[in-house]
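This report describes selected local features of one protein chain. It should be read alongside the sequence and the coordinates.

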Amino acid sequence: MQKLFVDAKPDEKVILTGEQARHIGKSLRMKTGDMLTVCCGDGNDYGCMIDGITSEEVVLTVCYKQANKSEPTVKVTIYQGVPKSDKMEDIIQKCTEMGVFRIVPVLTHRSVSRPDDKSARKKQMRYQKIALEAAQQSGRGIVPEIGKMITLKEAVQNDNCEKKILFYEGGGESLKTLIEKNLQSISVYIGPEGGFEKEEVELIKKNGGEVATLGKRILRTQTAPVAALTAIMLLTDNME
């Protein structure tokens with residue numbers, strides 16, 4: 001069933017306007033009597049029926065409420081070294097589908113792409129829209145937050161997750177030995193093209209990070225976060 005996210009908790013009626021209304025009517029070609037799911041991030045899905053539809057407004061009636069069962073038990077934050085071109089968009093889309101809680105673009109020594117503040121804010125807005133679309137498509141209960149671009153030092157200083165894991169091409173511990181099923185929050189550090197410098201690895205380790213491996217193969221910067229997140233979801237029983 002089609003899912004849409006709204007800002008306010010649904011009452012008996014929900015009125016959608018603007019882009020959402022046009023998407024339902026023109027792109028999805030839905031009509032009066034069709035059902036869709038509305039979510040506001042409160043942990044519930046609201047089954048709604050279309051009561052009225054125009055090119056600029058859609059009126060929904062809430063028919064039922066049920067708990068959303070798609071959210072993982074562990075909240076994973078990915079601190080992603082800023083990559084080149086549109087690789088970040090792919091990372092956000094795929095990791096949202098896999099259940100990520102938050103993604104933060106991080107500037108490292110080897111980050112080639114270094115947008116100015118204005119460009120970074122514009123990118124953040126686009127990234128958040130990509131996360132929204134991926135969350136709706138995959139049936140998520142929340143839309144992952146896409147944080148503003150920060151430095152690696154800022155990232156480690158503000159990281160309050162229970163478990164901090166750095167994936168490094170220089171090798172490390174197996175995830176099987178680091179991940180416990182009852183963990184509630186995990187942060188993942190992924191380098192850009194070229195990976196992390198040794199000083200950056202030491203910085204993360206001094207702030208409680210543990211070095212892990214994703215196998216003997218060297219993964220691309222856009223592949224590593226998806227592989228890491230998939231492994232974490234499997235080890236925490238969130239792939240069942």
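## Helix α3

In α3, the buried residues are Ala120, Tyr127, Ile130, Ala131, Ala134, Ala135 and Gln136. The model is a predicted one. The cover over these buried residues of α3 includes β1 (3-5), α1 (18-27), α2 (87-98) and β8 (145-146). An α-helix has 3.6 residues a turn, so residues three or four places apart point the same way. Among the buried residues of α3 are Tyr127, Ile130, Ala131, Ala134 and Ala135.

Helix α3 covers residues 117-138, and its 22 residues should span 32 Å at 1.5 Å a residue. The C-alpha atoms at its ends are 31 Å apart, which agrees with that expectation. After α3 comes Gly139, which has a positive phi, near 75°.

## Strands β3, β4 and β5

Strand β3 (residues 35-39) and strand β4 (residues 44-53) run antiparallel and are joined by five bridges. Within this pairing, Leu36 has Cys48 of β4 opposite. The two strands form a hairpin with four residues between them. Gly41, in the turn of that hairpin, has a positive phi of about 85°.

Strand β4 also pairs with strand β5 (residues 57-67), in the antiparallel sense and over nine bridges. Here Tyr46 stands opposite Lys65 of β5. A hairpin of three residues makes the connection from β4 to β5.

## Asn44

Asn44 lies in strand β4. Is Asn44 buried or exposed? Its relative accessibility is 18%, and buried means under 20%, so Asn44 counts as buried.

With neighbours within four places in sequence left aside, the contacts of Asn44 are Val38, Cys39, Lys65, Gln66, Ala67 and Asn68. Of these contacts, Cys39 belongs to β3, which spans residues 35-39, and Lys65 belongs to β5, which spans residues 57-67.

## Lys176

Lys176 is placed in helix α5 (residues 175-178). Its relative accessible area is 69%, and exposed means over 50%, so Lys176 is exposed.

How far apart are the C-alpha atoms of Lys176 and Cys39? They are separated by 34 Å, and the two residues are 137 residues apart along the chain.

## The largest pocket

The volume of the largest pocket is about 400 Å³. It is lined by 23 residues, of which Tyr168, Glu169, Ile218, Leu219 and Ala224 are the closest to its centre. Sorted by class, the lining holds nine nonpolar, eight polar and six charged residues.

## The second largest pocket

The second largest pocket contains about 230 Å³ of space. Its lining consists of Gln2, Leu4, Glu19, Gln20, His23, Lys129, Leu132, Glu133 and Gln136. The elements that give two or more residues to this lining are α1 and α3. Helix α3 supplies the largest share, four residues.

By class, two nonpolar, four polar and three charged residues make up the lining of the second largest pocket. Gln136 appears among these lining residues and is also one of the buried residues of α3. Helix α1 likewise has two roles: it is part of what covers the buried residues of α3, and it gives two or more residues to the lining of this pocket.

Methods: Residues numbered from 1 in each chain as written. Predicted model: local features only at pLDDT ≥ 70, side-chain atom pairs only at ≥ 80, totals over all residues. Heavy atoms only, no water. Pairing = 2+ DSSP bridges. Buried < 20%, exposed > 50% of the residue type's maximum accessible area, 1.4 Å probe, protein only. Contact = heavy atoms within 4.5 Å. Expected span 1.5 Å × (residues − 1). 1 Å grid on protein atoms, 1.4 Å probe; cavity = no way out; pocket = protein on both sides within 12 Å on 5 of 7 lines; lining within 4 Å. Points joined across faces, edges and corners; volume = space filled by probe spheres on them. Nonpolar A, V, L, I, M, F, W, Y, C, P; charged D, E, K, R; others polar.
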